[in-house]
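Trainee: I would like to take a close look at a single part of this structure, going slowly from one element to the next. Could you walk me through it?

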Amino acid sequence: MRSMNIDAYLKRISYSGSLEPTADTLRELQLAHLLTVPFENLSIHSGEPIVLEENALFAKIVERRRGGFCYEANGLFAGLLHALGFDVAMLGAGVANSQGEFGPNFDHMTLMVTLSDRWLVDVGFGDSFLEPLLLDSRVEQAQGTRAFKIVDDDDDHLILLRRNLDADWEPQYRFTLQPYSFADYEEMCQFHQTSPDSHFAKGRICSRATADGRVSLSEMRLITTTGPEQRRDERTLKDQDEYDCVLRDEFGIVMNVDKR
């Protein structure tokens, strides 16, 4: 594995702050990543294999200015944090469905960073927490109009909960603190790329956080949320040409450069 080009990565996420391995640096790095690197599954729908290896992920996300889903975004972000001197571990999680039931382990990759406190870090779950969460706290952790809470499920598992303004708590994912490597996620990564039962295989998604909300492409629908009330605006794009323009202008992605 080649040495990571930290400067190129930081330029990709428009980060010019402190590089000291502190909680403040961690917080600023996660937010910078979420504002610049989209959560997207476009490779699955363009016949581009997803390779869980740091050099391949760096080439895709940094050099070709793409995004990725959880294994890619969190996997590469873990590499950056490690290169900067953070103690980081990749964790396995099962994602909650609309009935509150959890998928299998490795359905999602999230991260644990250990400083004087332990932090839950995630740049690969789409519309979720923007700043790291204290992993060992069991109290509500507010972020804007949302709140998050980590609760114990059994001797091994923890559950991440989210509550929107004036709404009930909803589970996001269930995880343990067992560290893993890329190889452990290969089977589920392949499932999400190829199985008709994977929601990632059902349609294209590209989404990133903005300064006051979120912008997303869900197939031909462009969805933006803005302001404290998260006011929602949605419109349907007229054709593929308009889709490609929005993908370029809102997310910095031009898919044809990836076809090698």
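Trainee: Which residue in β11 is the bridge partner of Arg208?

Mentor: In this predicted model, the bridge partner of Arg208 in β11 is Val215, and that pair is a good place from which to read the surrounding sheet. The sheet is open and has five strands, in the order β1-β10-β11-β12-β13, with antiparallel pairing. Because β1 (39-40) and β13 (231-236) stand at the edges and each has a single partner strand, one side of each is left without a neighbour in the sheet.

Turning to the pairings themselves, strand β10, which covers residues 205-210, runs antiparallel to strand β11, residues 213-218, and six bridges join the two. On from there, β11 pairs in the antiparallel sense with strand β12, residues 221-226, again over six bridges, and in this pairing Val215 stands opposite Thr224 of β12. Val215 can therefore be followed from one pairing into the next, since Arg208 is its bridge partner and Thr224 in β12 stands opposite it, while in a regular strand the side chains alternate between the two faces of the sheet. The connection between β11 and β12 is a hairpin with two residues between the strands, and Glu219 in the turn has a positive phi of about 50°.

The last pairing joins β12 to β13, which run antiparallel and are linked by six bridges, with Ile223 standing opposite Glu234 in β13. These two strands also form a hairpin, here with four residues between them, and Gly227 in that turn has a positive phi of about 80°.

Methods:
Residues numbered from 1 in each chain as written. Predicted model: local features only at pLDDT ≥ 70, side-chain atom pairs only at ≥ 80, totals over all residues. Heavy atoms only, no water. Pairing = 2+ DSSP bridges.
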